[in-house]
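Here's an informal walk through one protein chain, going from a few single residues to rings and helices. Have the viewer open while you read.

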Amino acid sequence: MIRFTPFWILLVLMPCVVSWAQKSISIGGGGARISNGPQMQYRSWQNTEGKVIQARLKEYDGVTARLEMGGRIYPVLKSKLSPQDQAYLDAWLSRQPGALNPAKIPSLSDANLASAPELDLLEVAKKIHAIVNRERLKMNLKSLTWNDEVALIARAHSEDMAKRDFYSHLNPDKEDPSARAVRHGWANSKASSSSADARVSGLAENIGRIGRYHSFRREVRDGKVLRVIFRWYSSEQMAEQVVKGWLNSPSHRKNLLDPEFELEGIGLGVRREHVYVTQNLF
């Protein structure tokens, strides 16, 4: 099941916070999906046997595309579509429709970055975890248990986004959250609340990206900028902003406050002034 609804926070002279939410959980032999994004246009789809139809993509969970044609929904395995249509689905998943272009976060020089306070990534992750549970308790939901294995999976994705300079649930190797979890050895499953015979596996995911600083001030004399003073996020401030952004987005909020989830892991990665955050839930 996929949930995509990007959000961003942009204040005067403030870097933006950008997040995506995805839920990728298999139920039984199929997939649980949720529609998202704006209405897609009709296009040609061709299967591996050469048959072509005109249909509109309604939902896609990384495995099965649900195509609308004539008012009916037809589930089609990605593997049964042409290479061109598979590439289209990969691009769709990576692009995650519905995004608006957030304002560019101003790039910092090496000298600017040198003035930044040390950032303890595990401390920020644990603070995010605490704030998530604070918000769940407000809704009379059970607290999520911190899981080191899931945190390792989350941190690996954040570090990968930072290292390879991308921002998506789908990495450059075309792995979605559940595929990445399996690669890291995740094999857990649990009974589905919707069906006594079904098992739920895979990990849900929220990701976010936030700048190291929350505002800056330029000192100007005679029309010349003498220096730029940055006001850096503390660990607590950064954690609060990340969770606030997730709560302000319906898809992120639904993941974060889902009563079915029992545990989570959170991991961060840094690329210069950008901090990448991944939250995986199970």
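Let's start with Gln-237, which touches His-214 and Trp-232 once residues up to four places away in sequence are left aside. Gln-237 sits in helix H6. With a relative accessible area of 37%, Gln-237 is partly exposed. There's also a long jump in sequence here: Gln-237 and Lys-127 are 110 residues apart along the chain, yet their C-alpha atoms are 9.6 Å apart in space.

Before going further, keep in mind that this is a predicted model. The chain contains seven helices and 16 strands. Of its 282 residues, 49% are buried. If you take contacts between residues at least 6 apart in sequence, 65% of them join residues at least 24 apart.

**Helix on helix**

Lys-127 is one of the H3 residues that meet H6, so to speak of that pair as a whole: how do the axes of H3 and H6 cross? Helix H3 covers residues 121-138 and helix H6 covers residues 235-247; their axes come within 9 Å and cross at roughly 45°. That angle makes H3 oblique to H6. As for handedness, the crossing of H3 and H6 is right-handed.

On the H3 side, the residues in contact are Glu-123, Val-124, Lys-127, Ile-128, Ile-131, Val-132, Arg-134 and Glu-135. Facing them from H6 are Ser-235, Glu-236, Met-238, Ala-239, Glu-240, Val-242, Val-243, Trp-246 and Leu-247. By type, the residues of this contact split into 10 nonpolar, one polar and six charged.

**Aromatic rings**

A pair of aromatic rings is described by the distance of the centres and the angle of the planes. The structure holds six aromatic pairs, and two of them are worth a closer look.

Take Tyr-167 and Tyr-276 to begin with. Their ring centres are 6.1 Å apart and their planes sit at 55°, so the pair is tilted. Tyr-167 belongs to the loop between helix H4 (148-164) and helix H5 (177-183), while Tyr-276 belongs to strand E16 (residues 274-281), so the pair ties together parts that are 109 residues apart in sequence. Are these tyrosines buried or exposed? Tyr-167 counts as buried at 14% relative accessibility, and Tyr-276 is buried too, with a relative accessible area of 2%.

The other pair is Tyr-213 with Trp-232, and it is edge-to-face: 6.2 Å centre to centre, with 90° between the planes. Here Tyr-213 lies in strand E13 (residues 213-221) and Trp-232 in strand E14 (residues 224-232), so the pair ties together parts that are 19 residues apart in sequence. Both Tyr-213 and Trp-232 are buried. Ring pairs also bring in Phe-230, giving a cluster of Tyr-213, Phe-230 and Trp-232. Remember that Trp-232 is also one of the residues touched by Gln-237.

Strand E13 offers another residue to click on, Arg-218. What does Arg-218 touch, not counting residues up to four places away in sequence? The list is Val-225, Arg-227 and Val-228. Arg-218 and Val-228 are 10 residues apart in sequence, with their C-alpha atoms 4.5 Å apart.

**A buried spot in H4**

Val-150 lies in helix H4. Its relative accessibility is 0%, so Val-150 counts as buried. Leaving out residues up to four places away in sequence, Val-150 touches Trp-186, Leu-203, Leu-263, Glu-264, Gly-265 and Asn-280. The C-alpha atoms of Val-150 and Ala-181 are separated by 8.1 Å, with their positions 31 residues apart along the chain.

**Backbone oddities**

Most residues other than glycine have a negative phi. Two residues to check against that are Asn-140, with phi near 60°, and Lys-174, with a positive phi of about 70°. Neither is a glycine. Here's where they sit:

| Residue | Phi | Place | Relative accessibility |
|---|---|---|---|
| Asn-140 | near 60° | loop between H3 and strand E9 (145-146) | 73%, exposed |
| Lys-174 | about 70° | loop between H4 and H5 | 48%, partly exposed |

The loop between H4 and H5 that holds Lys-174 is also home to Tyr-167 of the tilted ring pair.

How values were computed. Residues are numbered from 1 along each chain as its sequence is written. This is a predicted model: local features need pLDDT of at least 70, side-chain atom pairs count only at pLDDT 80 or more; totals for chains, interfaces and linings use all residues. Side-chain values use heavy atoms; hydrogens and water are left out. Axes are lines fitted to C-alpha atoms, for helices over the stretch in contact, and angles run from 0 to 180 degrees between N-to-C directions. Helices (H or I, at least four residues) and strands (E, at least two) are DSSP runs, numbered from the N terminus. Angles under 35 degrees count as roughly parallel, over 145 as roughly antiparallel, 65 to 115 as roughly perpendicular and the rest as oblique. A crossing is left-handed if the near helix is turned anticlockwise from the far one by less than a right angle, and right-handed if clockwise. Contact means heavy atoms within 4.5 Å. Ala, Val, Leu, Ile, Met, Phe, Trp, Tyr, Cys and Pro count as nonpolar, Asp, Glu, Lys and Arg as charged, and the others, Gly among them, as polar. Rings of Phe, Tyr and Trp (its six-membered ring) pair if their centres lie within 6.5 Å; planes under 30 degrees apart count as stacked, over 60 as edge-to-face and the rest as tilted. Buried means under 20% relative accessible area, exposed over 50%, partly exposed in between (1.4 Å probe, protein chains only).
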